[in-house]
Amino acid sequence: MNISNVEIIHLDKPFKIRDMPLGEKVYVIDNYLETSVQHWIERIVKQSNMWSKSNKVRGQSKTGLPHHELWGASFYVGQNEDGSLIKGDCTNLQVLPGKYLNRKICTDFGFKWKRFQYMGMNSQTHGQHGTTHADCDIQDEWNLSFLYYYNTFWNPEWGGDLRLYNSMQFGIDGREEHVKENCIGSIEFVPNRLLIFDGRIPHGADAPSERARYADRCSIVLRGDEIELVDSEEFYNANDRLYNF
């Protein structure tokens with residue numbers, strides 16, 4: 001997949017994947033969840049004790065050090081042979097936001113996971129830039145990635161944009177030059193915003209600016225290497241088999 005340009009499309013409601021092409025397009029939906037649900041998710045995940053330095057982009061250095069290592073927590077980490085999702089480092093109560101969001105996204109966008117990869121949370125503070133990475137391998141044409149920003153407040157001056165690139169760049173060294181020469185689009189960090197895109201597009205999240213002090217830029221990532229489209233009639237009569245629970 002040769003990325004030369006990315007079109008960022010803002011919509012006011014979800015859509016069925018079968019009706020809208022992905023490719024070099026990134027879809028942005030604001031106010032995705034009801035305010036009460038958004039606050040419920042933030043309350044549960046911020047008060048949980050499952051956070052760890054688990055959000056890593058692997059490095060190629062002989063030292064074994066990663067390109068970046070941010071705070072994270074995992075709802076689901078792959079799937080079993082029967083297709084059910086494997087629960088991550090969370091309790092039954094803590095997994096509820098992930099279970100709810102996965103079910104809603106699958107229903108809203110009309111698909112089920114055929115090769116599920118990961119669902120979890122990221123947290124960045126000032127100085128913790130995310131390096132450029134892709135979510136899946138280049139041959140996975142039926143992949144799908146989602147990012148949901150569950151913060152209930154964010155000052156636009158605090159930054160935290162998601163940047164899209166036309167090529168990979170490993171590590172922090174040379175990041176400023178890479179941004180200047182290879183960034184082909186950016187999306188502002190806005191609370192209750194959902195992003196949908198082809199996970200093969202190289203991307204990385206800016207750290208909050210110094211003005212944000214200790215405020216966390218928080219997101220939930222949901223991605224899979226392959227999806228299967230599902231008719232609305234199936235979801236109407238669905239049980240948990242469609243959501244891999």
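## Nonpolar cores

In this predicted model, the largest nonpolar core holds 41 residues, of which F109, F111, F146 and I196 touch the most other members. Two or more residues are given to this core by each of β2, α1, β4 (68-79), α2 (96-109), β6 (111-124), β7 (144-149), β10 (193-197) and β12, and β6 gives the most, with 5 residues. A general tendency fits this picture, since in soluble globular proteins nonpolar side chains tend to be buried together.

The surroundings of F109 can be listed residue by residue: leaving aside residues up to four places away in sequence, F109 touches P14, F15, K16, I17, I29, Y32, F146, L194 and I196. A second core, separate from this one and made of 21 residues, includes L147, Y149, I184 and A205.

## Surroundings of F197

F197 is found in strand β10, and with a relative accessible area of 2% F197 counts as buried, because buried means under 20%. When residues up to four places away in sequence are not counted, F197 touches K25, V26, D135, N143, L144, S145, L147 and H203. One of these, S145, is 52 residues from F197 in sequence, while the C-alpha atoms of F197 and S145 are 5.5 Å apart in space.

## Packing of α1 and α2

The helices α1 and α2 pack at an angle of about 145°, and their axes are 9 Å apart. On the α1 side, the residues V37, W40, I41, I44 and V45 take part, and they meet L96, P97 and Y100 in α2. The residues of this contact divide into 8 nonpolar, no polar and no charged. Both α1 and α2 are also among the elements that give two or more residues to the largest nonpolar core.

## Salt bridges

Side chains of opposite charge can pair when their charged atoms come close. Counted with a cut-off of 4 Å between a side-chain nitrogen of Lys or Arg and a carboxyl oxygen of Asp or Glu, the salt bridges in the model come to 12. Among them is the salt bridge in which the side chains of R18 and D231 meet, at 3.2 Å from N to O. This pair links distant parts of the chain, with R18 in the loop between β1 (7-11) and β2 (25-29) and D231 in the loop between β12 (217-229) and α4 (232-236), 213 residues apart. Both partners count as partly exposed, R18 at 46% relative accessibility and D231 at 40%.

Another salt bridge joins D206 and R163, whose side chains meet at 2.9 Å, N to O. Here too the pair links distant parts of the chain, since D206 lies in the loop between β11 (203-205) and β12 and R163 in strand β8 (residues 162-165), 43 residues apart. D206 is buried, with a relative accessible area of 10%. Within helix α1 (residues 35-46), by contrast, K46 and E42 are 4 residues apart and are therefore separated by about one helical turn; they form a salt bridge with their closest N and O atoms 3.4 Å apart. The two ends of this bridge have unlike accessibility, as K46 is partly exposed, with a relative accessible area of 44%, whereas E42 counts as buried at 13%. Finally, K114, R115, D140 and E226 are linked in a network of salt bridges.

Definitions and conventions:
Residues are numbered from 1 along each chain as its sequence is written. This is a predicted model: local features need pLDDT of at least 70, side-chain atom pairs count only at pLDDT 80 or more; totals for chains, interfaces and linings use all residues. Side-chain values use heavy atoms; hydrogens and water are left out. Buried means under 20% relative accessible area, exposed over 50%, partly exposed in between (1.4 Å probe, protein chains only). A nonpolar core is a set of buried Ala, Val, Leu, Ile, Met, Phe, Trp, Tyr and Cys residues joined through side-chain atoms within 4.5 Å. Contact means heavy atoms within 4.5 Å. Axes are lines fitted to C-alpha atoms, for helices over the stretch in contact, and angles run from 0 to 180 degrees between N-to-C directions. Ala, Val, Leu, Ile, Met, Phe, Trp, Tyr, Cys and Pro count as nonpolar, Asp, Glu, Lys and Arg as charged, and the others, Gly among them, as polar.
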